[in-house]
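Dear colleague,

I am handing over the structure below, together with notes on what was found in it. Please read the notes with the structure open beside you.

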Amino acid sequence: FRGLPQKQKVWMSHGDVAEAVPDIFEVLAETEHHPAVVKSSKLKMLGVQFHPEVFHSEHGEEIFREFVEMCNAEPKWNSQLIL
């Protein structure tokens with residue numbers, strides 16, 4: 001994700017993890033032990049294994065903005081909408 005720090009704190013509150021990803025996916029980010037963000041250009045998919053929507057994730061809103069831009073969508077979401 002452009003402009004975001006290489007290391008950042010994110011909220012991973014579940015015990016589920018992806019131990020490996022299919023070859024069709026590229027790992028964009030990972031924890032010390034597991035993939036955290038994967039992307040497939042062929043399938044046009046992006047997956048995250050953490051909660052970007054909570055305030056515990058340092059750059060959650062920026063991650064959502066990048067995702068919206070990747071989708072060529074309009075940014076109509078902000079964290080105030082979930083209060």
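A small question to begin with: which residue in strand 2 is the bridge partner of Val 27? The partner is Val 38, and that pair is a convenient place to start reading the sheet. Please keep in mind throughout that this is a predicted model.

The sheet

Three strands make up an open sheet, arranged in the order 1-2-3 with antiparallel pairing. Strand 1 and strand 3 are at the edges and have a single partner strand each, so one side of each of them lacks a neighbour in the sheet. On average, and with direction ignored, neighbouring strands of this sheet are turned by 15° against each other.

Taking the pairs in turn, strand 1, which covers residues 26-30, runs antiparallel to strand 2 and is joined to strand 2 by four bridges, while the connection between the two along the chain is a hairpin of four residues. Strand 2 also pairs with strand 3, residues 45-48, again in the antiparallel sense and over four bridges. Within this second pairing, Ser 40 stands opposite Met 45, and Lys 39 stands opposite Leu 46. Strand 2 and strand 3 likewise form a hairpin, with four residues between them, and in the turn Lys 44 has a positive phi of about 55°.

Is strand 2 buried or exposed for the most part? Five of the six residues in strand 2, which spans residues 35-40, are buried, so this strand is largely enclosed by the rest of the structure.

Residues on and around strand 3

Val 48 belongs to strand 3 and, because its relative accessibility is 34%, counts as partly exposed. If neighbours within four places in sequence are left aside, Val 48 is in contact with Ala 36 and Val 37. The C-alpha atoms of Val 48 and Val 37 are 4.5 Å apart in space, although the two residues are eleven residues apart in sequence.

In the loop between strand 2 and strand 3 you will find Leu 43, which is partly exposed at 44% relative accessibility. Leu 43 also takes part, with Ile 24 and Met 45, in a nonpolar surface patch of about 250 Å².

Two histidines in one loop

The loop between strand 3 and helix 1, the latter being residues 60-70, contains His 56, and His 59 is found in that loop too. With a relative accessibility of 33%, His 56 counts as partly exposed. His 59, by contrast, has a relative accessible area of 19% and is buried, because the cut-off for that class is under 20%.

Which residues do these two histidines touch, not counting those up to four places away in sequence? For His 56 they are Lys 9, Val 10 and Trp 11, whereas for His 59 they are Leu 4, Pro 5 and Gln 8. His 56 and Val 10 are 46 residues apart in sequence, yet their C-alpha atoms are 6.2 Å apart in space.

If you would like a route through the model, I suggest starting at the pair of Val 27 and Val 38, going on to the hairpin that contains Lys 44, and finishing at His 56 in the loop before helix 1.

With best wishes

Notes
Residues are numbered from 1 along each chain as its sequence is written. This is a predicted model: local features need pLDDT of at least 70, side-chain atom pairs count only at pLDDT 80 or more; totals for chains, interfaces and linings use all residues. Side-chain values use heavy atoms; hydrogens and water are left out. Buried means under 20% relative accessible area, exposed over 50%, partly exposed in between (1.4 Å probe, protein chains only). Two strands pair if DSSP finds at least two bridges between them. Axes are lines fitted to C-alpha atoms, for helices over the stretch in contact, and angles run from 0 to 180 degrees between N-to-C directions. Contact means heavy atoms within 4.5 Å. Patches are made of residues with over 30% relative accessible area and no salt bridge: like charges are joined within 9 Å, nonpolar side chains (Val, Leu, Ile, Met, Phe, Trp, Tyr) within 5 Å. Accessible areas come from the Shrake-Rupley method with a 1.4 Å probe; for residues, only the protein chains shown count as cover. A salt bridge is a side-chain nitrogen of Lys or Arg within 4 Å of a carboxyl oxygen of Asp or Glu.
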